[in-house]
Structures are given as C-alpha cells and as structure tokens.
Amino acid sequence: MFARDILTDLLGKPWGEIIGLTIELIGLLTALSIVVLSLTWMERKLLGRIQGRMGPMRVGFHGILQPIADALKLVLKEDVVPGSADKGLFWFAPLAVFVPSFMIWITIPVSHDLVLANLDMGLFYIIAFAVLSITGLVMAGWSSASKYAVLGGLRSAAQLISYEIPIIMAVISIAMMSQSLNLQVIVEAQSNIPYALLQPLALAIFLIAGVAEVGRTPFDIYFAESEIVGGPFVEYSGAHWSVFFLAEYINTFAIAILVALLFFGGWSFPLMPEISALGFLWVGLKTYLVIAVIFWLRGTLPRLRVDQLMSLAWKVIIPLSFVNIMITATYLYYGWAWPILTLISLSITVTVSYMLYRKITRPALRTLEERLAYAKSYNQSRGQSEVSDAR
Amino acid sequence: MESLLVECLKEFKPRIGSSLDDTIATVSSELIVEVGRKLKDDYRTLCDFLRCLSVVDYEDHFQVVYHLYSTQKNHQLVIKSDIPYEDPHIPSVMGVWVGADWYEREGHDLFGIIFDGHPDLTPLILYEGFEGYPGRKSYPLNDYKEW
Amino acid sequence: MTSEPQTGTPGTVDMMMNMGPQHPATHGVFRMVLSIDGERVIDMVPHIGYLHRGSEKLCEHEQYSQIITLFDRLDYIANFNNELVICKATEKLMGLEVPDRAQYIRVILCELNRLASHMLFYGTFGLDAGAMTPIMYGFRERERIQSLFESISGARMMHNFFRIGGIRYDLPEDFNQRITQLLNELQKGAEKADKLLTFNEVFLARTRDVGIISAEDAIAYGLSGPNLRATGVNYDVRKSDPYEVYDRIDFDIPLGDRGDCWDRHYVRMREMYESIKIIRQCLEQISEGPIMAPVRRIARPPAGEVFAHAENPRGDFGVYLVSTGGDKPYRLKMRPPSFCNLMALRHMLRDAYIADAVMILGSLDIVLGEVDR
C-alpha cells in the first residue's frame, strides 16, 4: 500500500501502480524468506532442547547464522536431475508448489493497515489457493521416475485432499460467527472475546487439520524419512529442493498466522494498539507461540501410518467439523449467551478426545501384574504350566 | 536320556553316544526326516525347537548335526547324520521344523550339500556367481584369488 | 517359500519395491524386496550376505584366545555377551572352573551390555516410528555405559576383555562409586524413556496388533529372546539352563501376551529394569578373589564337541565347537539369534502395510553382523 501510493503520486496511475506492486511483492518475498530463516533456526534450537542437546552453537552466537549457512549450502549443491525424469515437469513442480503458498500471503493482514491487498472474500481466496499446491506435489512425485517418489506423491495427494475439508469447515464456522470473509473484519470482531474461547472445537479441528495440511509430524508420512526416503522430494537436491523446503515453512507460518488471526484475536485482543507496528509485533508473538507448539508436537510424537491418518480424517475430524457448524448455527439462530457455546464446544472436544484415548490405549494393559497374570494363563492354556518357571 | 532315545528311536537303529552332557544319536541320512518327525511328535521327547543345524567337514565325509530342544520338557538332544563326500545329499527337514530353512541354504552355499526337498536353495550368504564352496577344508583361506 | 511373489488384487500388477542395502530403516546392510499392491505388502524376499566376513572359516585358523576378537565383532552391539559364549564353550570343553569373582564381573558386564543394547533398540525403534527424541535419550544412556566400559576394558565397543578362564584385568578402584551412580542414572533414564514412548497413543496405534506371530509359529521358526517372550513363551536361557552365577540371583522374566511389535518393545523395556536389579544383586554378592583360573597361555582343549549357549540381548546365541585336541578349533559353528529371528520376518509381513514393514523389522532388533557372520 505504501509503495503503491507513493509511486502513484510520483509517476501517475498505470506505471506507479505496477512498479509499486512489484516492489511490494518483492518486499513480501524478502520478509517471508527472513521469517523462514528464523523459523529454521527456532526449530533446530527448540528440537535440540527437547532432545536434551543444545542445537546449533557454532555458526554465530548460539547458531544464529546457521540458517544462512544452510541456505548457502543448498544453493551451492549440484542440482542432479535423474536421467529418466520428465524434465519439464521436474523443473516445474517446485514452482507449482511454491507459487500458491506465496499467493496466500497477499491477503493476510499483519496489522490493521498492513496488508498487501485486503480482499472482501479473503478467507475464500486463501482456501482456494491452498489447494493448488497439491497438484505440484503429485507432479513432483510422478516426474521423478522413482517408485518411492510415486508412492509419496500419491500418499500426499490423499492426505492433503482429505484434510482440506476440515479446514474449510472450521473456517466456515468462524465466518458464520463474524458474518464476513474479510480477514480484517474477523480480527476486529474478536476485540472482546477471541474465538478460541468461543469455539475450542473449531480451534482443535483447525490446528490438527492445519498441521496435517503442512505435512508435519505426526502427519509427515508422505515424506517419512524412515520408509520412503523423502517421498515426492527424493530426487530433488540443492536449489530445487530448497524451493520445496521454503514452501513448507511458508505454509507452516501461514497456518500459524491464520490460527493467530482467526482464533486468538490477532492484533485486537485484548487491546487494540494504535500504531500498526505494535499490532504487527503482537500478531507475531501469537504466531510464534503457535509455531512453538507445532514444533513441540514434532519433537514428541511418532508419525501416524497413512491409513490411520485417513481414518482419523474421515471418521473423526470431518464429522466433528460438521457438528461444529451445526452448533454454531444453532447458537446464532437462538441468540444464546456466549458461555453456552463454549461449554458445548469444550465438552464435545473433551469427550471425543477421551474416547479416542481409551480406544487406543485399552489394548495395552497397564500394570505389570496384569500382564504377567495374562501370560501365565495363556501358558497354562497351552499346557505349558510346568515350563521352567524356576529351575 | 540315553535310554529314552534308545526307546524312541528303536526302529531307526541309531548309534547312541554322548559328549560332555549331550546325548548324541547318529542315524543314517535317508531316515532323518522320519527321525525328526518322531522326536517332535513323541510325547516323551517333544522336540519342537531346532536350535542349530550345522555341517562339519571331516574331509572324507560330511556330518550334519541337528541340535534339538524341547521348550516344554527342557531337554536337549543331538542328532547326527553322515553323508558321503562325493555327491552329498540329505533330505531337508523343513517339513518338520520350518526354521531349518536358512540353515540348509547356508549349508548348501558354504559346503555344497544338496538338501532334497528344500523349495529354494539359492545362495544366501555368498553373492551370485561365486564358484566353489568356501566352508570346505579343501578351500584355501589365503590363496584364494578373485581375479 | 519360493522366490516368486504371488499377485494380490486380480487384474492389477504388483509393484516391486526394493528397500535396498542402503536405507535409513533397515538396520544395517539388509535388502528386502517387497511386492506391494497399493499400500499392502503381498510378499517379501530377503537378501542377506552383505556383511559376510567368513568368521567361521577364520576361526578354524586361529587359536582360541584369538577368536575372542572375532566374536566381539559378530553382534557388535552386545560384545561382552558374545565373548562370554565362546569362553563358556572352551571352558566347558576343558572342564575349567572360572573363579567366582570373574563370574560376577562377567555377569555385571553382560547385563550392562544388555542395557546398552536395549537402549539402542529403543532409540532406533522410535526413529522408525517417526519420533526423533527417543534416539537422543537412548544414546545418552549408552554413552554413560560405554564410558564405564572404557574405564574397565579400555575400549568402548570391541573390548576383547574376557579370557578363557576368567577376565583380563581386575576392576578399577573407583568402580563401586561409579557403578552405583551409573545405576541410579540408568534407572532414571530408563523411566524417562519409558514415559516418552511406551504408552504414547500414536506409538500404540502404530505398533499394537502389528506383526503378530503366534507362539507355535515362533517356536517352529526358531525365534528366541525377547521376540519369543513377547508371544508368551517363558523361555530364557538364564532361567532354563543357568550359567555363570545366574542361579544365585533373583530376577523376573517379562512376558508379552500377543506377540506384536508393542509386546516386543515392552518386553525389552522391562528387561532393562530387570538388568539393573541383577547388577545390584551382583554388586552385593561379589567378593575378592582371583580373576583368572590357572590355565596355560595357549588353550588346548581335549578332543570332543560341545554346544554352549547364552542369553544375548537378541536371543539365544549358541556355539557348536568341535575340537581335535589342537590349539585351533576344528569346526566352530555359530548360531546367531538374529539369523533365526530374520527367518520369521516373511511370516510376520503377510498383509502388512509398507509402514508396518519397517516397524516389524525394527521390532525384531536384528544386527547384520551376526546374521551374516
């Protein structure tokens, strides 16, 4: 907005607009790259601390220059293209993944007047473009001429398509609450109560589906390192691969900032600062907290198998998202006081989580005595009760 | 233990011996599958665990040694069988204990013994195209030149 | 059990996927050719032999005290346990009586090695599942144990410490204080490791009812060790055929109920606590004394044959030794537990997913050094 206004005053309508827009887009790309660098540093430090080690320490003070070293290394690596790969698609696939992830950022506001182009249907635009990067992944998998890559590409298509639906549903319920798809209007509608308090179920659904969309543990099966090494990215190296890497971190940041804006009130909760820079810092703080939670999940949990992932999506998350919309609609229709919505939402979240937990952990009998007793009865049923218990 | 073996394997006419605390029964190589099945099913021995299947090269004959163990009765037996050096054949005991599979493949690989009835005697440990049987005493340790 | 894979869905062609010798998930150089239909594994053909060094033939040309170094390198994670088996075999053939103090020290070192081996299993199994924290915890505990080994035997891994008739050196002076501190740290470390992974919901969803093998099939295939105990069969060489001082020590054998991956993991986790218990009892019962039986420098066992076995962390490691009275063995056949455990892999992989294939292979805890010898 700033560059365009200044340049339009200077150069007149068409040229001022075009050059201004170009400058702003380049600025956005630079800002995103710096953000991604900071995210990689933060992830390595945080994961290191979770695992009981220090993380990068040598390059710069506490490893602060490590991301720059990584970027240099990636750029200087030899870009190997497999002989039987489809060269055109192989070259194009990283772009097909990166460009939609970047296009989302055009309409994400970071303060009440800091946004590149505030669209009235901002949320719709974001969701529509987020889906486009899936084709890029499948292209990457197919064009790599490797069985691991094809498997990874297909797995990723299945996973990402399945988890788009809960995101859309969760976002719909938010849009219903604020009666608008404009992101700035949604944020300002939360100046009294953030939507996280009103709809914890929507927050849970959005967070889980968002983590699955980005492809982070526990949902990173499609580029699982220990099975299909790298998945669709297995044949990419050097600068080509760094575009995928950039796209993944931009997506993570996008999900986190959407959580901060849609659920935690962005810059307007609990107080609305006058200076836009302060609002920007406030949003940044909330976003980085959400990102820290996402990294924490990566450090702690193993990854889900692809059929478990899909059954989680289709059997648990999607029905829950429908239920969420129904609750929101009922609440809006009858005009109840807001604690009732919180109560219903929270109780459904807690009940479903507890039921899932019991179903998974019940097969593992917890106490040693129970297990020994079971094994003894099993041995006796085989007629082995006199087997060397003590000899 | 010796009397038990004599009792069980009466019709196979084994030669019973012992070494330290193991009882050894030597039977002829054609009867090895029936001996194995008898030892596995007979309620007095119940040897359901094949501990080890080894091949020893005595330079004029091979000896295949089966170490058997019963998880229910907690006793160990040793069955041996001698086979001639030229054209070594012995029936495979895979039908009795499935766990004999890779032992026999390895025996074929390293010693050249043919286990009749084994479904798949492809090389296990040596690479395809290896000539010779390195486990035999006649195979040199240091004079081997690959090219 | 042919090499020809069978087809799955009619009208489709199965895809052959090679999990080659170089792969982050196959523990060591092991090649699996999977025939997959979508995400399901239809058939599997294993290829081993990438690490074959001809140990059995080498042993026929070396003296008995020289082959202890060869045995170190078989199961390169549980070195002391392998050395124990060859020393046992030779001592049994010679009728040697190992002094008490040496036996207690041997048991302490073997149990510490079992702890280290199970910690490595825990770390790599967590990594196969996708969690990247367990391997850091596991290796930190291993570091503690290995630095103690370094102070005792001089090496972190390939110790060459046991001798025929006893052990090489006595324990250092600060051993008692170091070991008590180490045992407390290991207890806390094992509990922390347990808390992170064993009852984690995602881990349970990945490993429960995956790779089930029944007790009858397990015995038929010759499985041993924690893999067999996970199916519920109470077979542990330390209890059924006690060697060294295990008959004077009181410990339990953890058993599983179903024979799936989680049971194998759980049995190994519990065995870690039992090992700490065993070491504590050994430290109470140990006394001063000689560490080596009076034996000549070059051991010449009389002619005869013997089968000696011990409970390795991976199973029942056996050695069949034929001697003709010389200073070199006539035939030394090793019965490695991972060799037999790997035979059952094909049976366990029926109707598994690809992701499960990696988990099942990890749960068997094989070491290619002893599979290929």
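## A buried arginine to start with

With a relative accessibility of 8%, A:Arg305 counts as buried (buried means under 20% relative accessible area, exposed over 50%, and partly exposed in between, using a 1.4 Å probe and protein chains only). A:Arg305 pairs up with A:Asp307 in a salt bridge, where the closest N and O atoms sit 2.7 Å apart. A salt bridge here is a side-chain nitrogen of Lys or Arg within 4 Å of a carboxyl oxygen of Asp or Glu. A:Asp307 is partly exposed, at 25% relative accessible area.

Before going on, some ground rules: this is a predicted model, where local features need pLDDT of at least 70 and side-chain atom pairs count only at pLDDT 80 or more, while totals for chains, interfaces and linings use all residues. Residues are numbered from 1 along each chain as its sequence is written, chains are lettered from A and ligands numbered from 1 in the order in which they are written, and side-chain values use heavy atoms, with hydrogens and water left out.

## More salt bridges, this time in chain C

How many salt bridges does a search of the whole structure find? It turns up 40 over all chains. One of them joins C:Glu244 to C:Arg106, with the closest N and O atoms 3.5 Å apart. C:Glu244 lies in the loop between helix H10 (237-240) and helix H11 (261-285) of chain C, while C:Arg106 is in helix H4 (residues 100-129) of chain C, so the pair ties together parts that are 138 residues apart in sequence. Helices, by the way, are DSSP runs of H or I with at least four residues, strands are runs of E with at least two, and both are numbered from the N terminus. C:Glu244 and C:Arg106 are both buried.

Another salt bridge links the side chains of C:Arg238 and C:Asp236 (3.1 Å, N to O). Both C:Arg238 and C:Asp236 are buried. Through shared partners, salt bridges join C:Glu111, C:Arg114, C:Arg229, C:Asp236, C:Arg238, C:Glu271 and C:Glu311 into one network.

## Chain A, helix after helix

Chain A has 14 helices and zero strands. Of its 391 residues, 50% are buried.

Two loops hold residues worth a look. A:His62 sits between H2 and helix H3 (66-76) of chain A, and its phi is near 55°, a positive value in a residue other than glycine. A:His62 is partly exposed, with 29% relative accessible area. A:Gln179 is in the loop between H6 and helix H7 (183-188) of chain A, with phi near 60°, again a positive value in a residue other than glycine. Is A:Gln179 buried or exposed? At 63% relative accessibility, A:Gln179 counts as exposed.

## Empty space inside

Rolling a probe the size of a water molecule over the atoms shows where empty space is left. The search uses a 1 Å grid over the protein atoms alone: a cavity is a set of points where a 1.4 Å probe fits but cannot get out, a pocket is an open set with protein on both sides within 12 Å along at least five of seven lines, and lining residues have an atom within 4 Å of a point. Grid points are joined across faces, edges and corners, and a volume is the space filled by probe spheres set on the points.

Six cavities of 30 Å³ or more show up in the whole structure, and the largest has a volume of about 360 Å³. It is lined by 24 residues, and those closest to its centre are A:Ala130, A:Ser133, A:Glu213, A:Val214 and A:Asn251. H10(A) gives the most to this lining, with seven residues. The lining of the largest cavity divides into 19 nonpolar, two polar and three charged residues (Ala, Val, Leu, Ile, Met, Phe, Trp, Tyr, Cys and Pro count as nonpolar, Asp, Glu, Lys and Arg as charged, and the others, Gly among them, as polar).

## The largest pocket

The largest pocket has a volume of about 1,600 Å³. Which residues lie nearest its centre? They are A:Leu304, A:Leu312, A:Leu356, A:Ile360 and C:Glu201, out of 50 that line the largest pocket. Its lining residues divide into 32 nonpolar, eight polar and ten charged.
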